[in-house]
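Reader: Please take a close look at a single part, the nonpolar core, and at what surrounds it. Give the cut-offs as you go.

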Amino acid sequence: MNVRFDHKAILKLVKPQSAVLELGCGTGDLLSLLIKERSVRGQGLEIDEQAIYACVAKGLNVIHGDIDSGLAEYEDKSFDYVILNQSLQQIKHPDSVLTDALRVGRKVIISFSNFAYYKSRLQIFFRGRTPVTGALPYQWYETPNLHFLSITDFINYCGLKKIRIERRMYISEDKRIKLLPNLFAQTGIFLADRGL
Amino acid sequence: MKTKRIDKREDGVGVVETQYFIIDSLTLENREKIEHVTLAYETYGDLNENKTNAVLILHALSGDAHAAGLDIEQKNPGWWDSMIGPGRAFDTNKYFVICSNVIGGCKGSTGPSSINPATGRHYALDFPIVTINDMDDAQKRLIDHLGIDKLLTAVGGSMGGMLALSWLVRYPDRIRSAIPIATAIKHGPQQIAFDEVGRQAIMADPHWNSGNYYGGPLPAKGLAVARMIGHITYMSDMSMEVKFGRQRKNGTQPFKFTADYEVEGYLRYRGDSFVKRFDANSYLYITKAMDNFDATQWRPLQDSLQGLKTKVLVIAFKSDWLYPAYQSKEIVKACKRSGIETTYCEVDSTYGHDAFLLEIDEETHLISHFLKTVFHEYETA
């Protein structure tokens with residue numbers, strides 16, 4: 001099976017046998033991968049009914065509900081990892097969800113598309129258009145994304161909220177990006193926690 | 001995701017004979033005892049050597065042990081026939097499926113219409129108040145008798161869901177999973193209110209005679225009205241609109257208040273046919289058991305579930321206003337708090353509470369995959 005590059009990157013951040021909650025798990029591809037490769041105890045939360053059926057067909061535990069209200073019901077430190085893979089942009093209240101995710105999980109993995117990717121910048125600057133890129137493939141009128149953020153935005157946010165970033169990975173297509181990530185990375189992946 | 005719809009008449013479990021299990025003495029929650037309790041039950045499929053493939057189906061208020069196949073007179077298919085059989089959600093090629101009638105009922109199990117061995121007469125209101133937990137205890141005795149240490153799942157809709165929750169809270173070591181469908185941790189005032197109107201309709205019937213109507217005319221009008229109210233709460237405004245609209249019935253009208261509309265005719269038919277197959281006193285006892293049920297009666301549900309290895313699949317239906325999805329979410333919330341593995345789906349259905357008997361494709365998909373996973377984990381444990 002062809003494993004998505006960003007999924008491989010997230011896989012590297014997760015310790016075997018851990019307990020994982022994925023917020024917005026979609027059809028469950030990442031969660032299945034984590035169970036197969038890391039033997040995690042996985043739990044998904046997903047709003048789309050058809051995606052629930054796909055998850056159940058994969059043998060996953062998945063709860064039908066929205067992230068904004070579904071996370072608050074978990075006790076503190078219920079999971080080793082809470083994962084937000086491309087779902088942060090679609091949440092109504094990202095600030096309160098991130099706060100709760102850091103409460104419910106010992107660590108949080110956040111992966112999102114970088115709005116300041118150079119191709120996006122070029123589209124805005126030269127064409128005056130809202131960017132449509134590989135990592136942000138939607139037209140303005142059909143995007144599920146409610147929020148647009150850059151890698152620098154997220155890092156600043158973590159500084160402001162005293163969130164410790166333990167590891168960060170930047171990728172574009174199927175490559176790791178080391179140089180000027182806020183310009184050249186399409187996706188930022190962060191492993192964060194509340195520190196000490 | 002659509003699972004192929006399976007024709008009701010094809011490839012089912014065939015003709016099934018109801019069996020009877022006798023419990024010498026059953027002590028109830030209120031410390032009262034019932035002697036010589038009969039429990040009607042049916043089984044489908046075969047118990048495997050390790051006894052790891054047993055599924056207990058729990059029926060709703062007016063249900064019975066006949067969940068699948070054709071009864072011995074080969075007339076009636078079981079109430080969940082489209083879910084039970086070879087290749088169906090509860091695949092009888094893989095699983096040993098058990099369904100038993102509850103105590104307090106009138107479908108072969110001991111209830112108010114049974115003969116009291118102490119007096120030689122019908123119990124009527126001398127029958128003790130039974131609870132959902134008592135019903136479970138009787139069924140647990142049957143499971144013991146069948147030599148099953150651990151059920152693969154306890155599953156049911158509506159009252160059946162309460163029975164499944166009772167298993168989960170009280171006998172978690174005896175089940176690998178529970179599947180409560182379209183149910184609640186406890187009845188809210190609206191649910192109790194509808195039940196009470198039904199009970200009042202029965203008790204207002206002069207033939208009811210304080211429950212002593214056996215051998216005489218039945219409180220048929222009262223029970224029919226109770227059933228009519230029930231049926232309204234099992235549908236949704238949308239399913240009623242689709243089914244009846246304001247369609248008028250054909251034919252002449254000799255009286256001002258005949259059933260002018262299709263919906264009226266339907267309810268009268270449903271009410272009248274129910275009288276032929278159900279005992280009015282059982283209706284009183286069972287609705288009371290449902291009203292009295294509270295899965296949190298001893299402690300918060302999340303505390304009962306804490307540390308359990310049992311898996312839970314909760315299913316609710318969007319248009320169900322009798323057991324609204326938020327009540328199922330209360331179960332899910334307790335599962336989340338306790339940290340047990342949980343799957344929840346709110347199926348987009350317009351059928352109302354009846355959906356648990358009608359949304360076969362969605363339920364088949366959810367349950368068959370869930371059971372497959374649970375069974376695999378049990379076999380490899």
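Author: What follows describes the core and then the contacts between domains and between chains. This is a predicted model, in which local features need pLDDT of at least 70, side-chain atom pairs count only at pLDDT 80 or more, and totals for chains, interfaces and linings use all residues. Residues are numbered from 1 along each chain as its sequence is written, while chains are lettered from A and ligands numbered from 1 in the order in which they are written.

The largest nonpolar core holds 165 residues. Such a core is a set of buried Ala, Val, Leu, Ile, Met, Phe, Trp, Tyr and Cys residues joined through C-beta atoms within 7 Å; buried means that 20 or more other C-beta atoms, placed from the backbone, lie within 10 Å of a residue's own. A:Ala101, B:Val55, B:Ile57, B:Val97 and B:Ala164 have the most contacts inside this core. Helix α2 (residues 159-170) of chain B, a DSSP run of H or I with at least four residues, gives the most to the core, with 8 residues. Domain 1 (19-187 + 297-380) and domain 2 (191-289) of chain B both contribute residues, so the core lies between them; the bounds come from an automatic or database domain assignment.

Leaving aside neighbours within four places in sequence, B:Val55 is in contact (C-beta atoms, placed from the backbone, within 7 Å) with residues including B:Phe90, B:Val97 and B:Leu151.

The C-alpha centres of the two domains of chain B lie 26 Å apart. Their contact takes 26 residues from domain 1 of chain B and 21 residues from domain 2 of chain B. Between the chains, 17 residues of chain A are in contact with 18 residues of chain B.

Note on methods. Two residues are in contact if their C-beta atoms, placed from the backbone, lie within 7 Å. A residue is buried if 20 or more other C-beta atoms lie within 10 Å of its own, exposed if 12 or fewer, and partly exposed in between; C-beta atoms are placed from the backbone. Helices (H or I, at least four residues) and strands (E, at least two) are DSSP runs, numbered from the N terminus.
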